[in-house]
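Student: Can you walk me through this one? I'd like to start with a helix and then look at the packing.

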Amino acid sequence: MLCDFEVRLYVVVPMEDIKKSGELPGNIIIRRLFSQLTFLRATEDCGYFLKVTKVKSVGNGKLLDSSKYIMFPVTFHSLTFLPKIGEVLVGIVVEVCRHGVFLKCGPMNSIYLSVRKMPNYNYVPGENPFFICNDQSRIENEVAVRFVVYAMRWSRTLVRKFDVLASIEGDCLGPVSLNGFDGLEL
């Protein structure tokens, strides 16, 4: 689900960046905010950061102990992608294995769709493995699949992401034909 959040982050800027460059300090702070968001990527409460829509305020900087860095509180609005249980999404199959497939949808690169959540689909091994249904529909690499978010959790590893389990149990779920569509690239 796309959401708009107001977020407050502390941006750390090296003192020499402000002294040496001829730029306005505000420009340097915003550039550092963008690089910090690229590294941060996602949070458990807000989801994946897609875009800063508005910078609301940049507070007064505080000199850190080492006096080589200044920390600025920055408040901004951000468009985020936060997956919710029960939400219907479309993903592209990126890997097929014996026990299921991995999908990519927007900033989420490893959504797992287990064979247990693919009713009437059977695994067909080979050079290019795939799953085939009784009605001859196939789930293979680079196929678009409409799925429902069955379960999710925030990953507690160094990689900041959500672990998502998908299901195609239900009406209007499964492989879909989307002419000219190759996934939501964000």
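Tutor: Sure, one term before that: helices (H or I, at least four residues) and strands (E, at least two) are DSSP runs, numbered from the N terminus. This is a predicted model, where local features need pLDDT of at least 70, side-chain atom pairs count only at pLDDT 80 or more, and totals for chains, interfaces and linings use all residues. Residues are numbered from 1 along each chain as its sequence is written, and side-chain values use heavy atoms, with hydrogens and water left out.

Student: OK, what does the backbone do just after H2?

Tutor: Arg41, just after H2, takes a positive phi of about 65°.

Student: Which residues of H2 are buried?

Tutor: Ile28, Ile29, Ile30, Leu33, Leu37 and Leu40. Buried means under 20% relative accessible area (1.4 Å probe, protein chains only).

Student: And what do they pack against?

Tutor: Strands S1 (2-14), S2 (42-43), S3 (47-58) and S5 (69-81), plus helix H1 (15-20). Contact here is heavy atoms within 4.5 Å.

Student: Switching topic: which residues touch the most other members in the largest nonpolar core?

Tutor: Leu103, Ile139 and Phe147, out of 28 residues. A nonpolar core is a set of buried Ala, Val, Leu, Ile, Met, Phe, Trp, Tyr and Cys residues joined through side-chain atoms within 4.5 Å.

Student: Which strand gives the most to this core?

Tutor: S12, with four residues.

Student: What's Ile139 in contact with?

Tutor: Leaving aside neighbours within four places in sequence, its contacts include Val93, Met118, Phe130 and Pro175. Apart from that core lies another, of 15 residues, and Ile28 and Leu33 are among them.

Definitions and conventions: Buried < 20%, exposed > 50% of the residue type's maximum accessible area, 1.4 Å probe, protein only.
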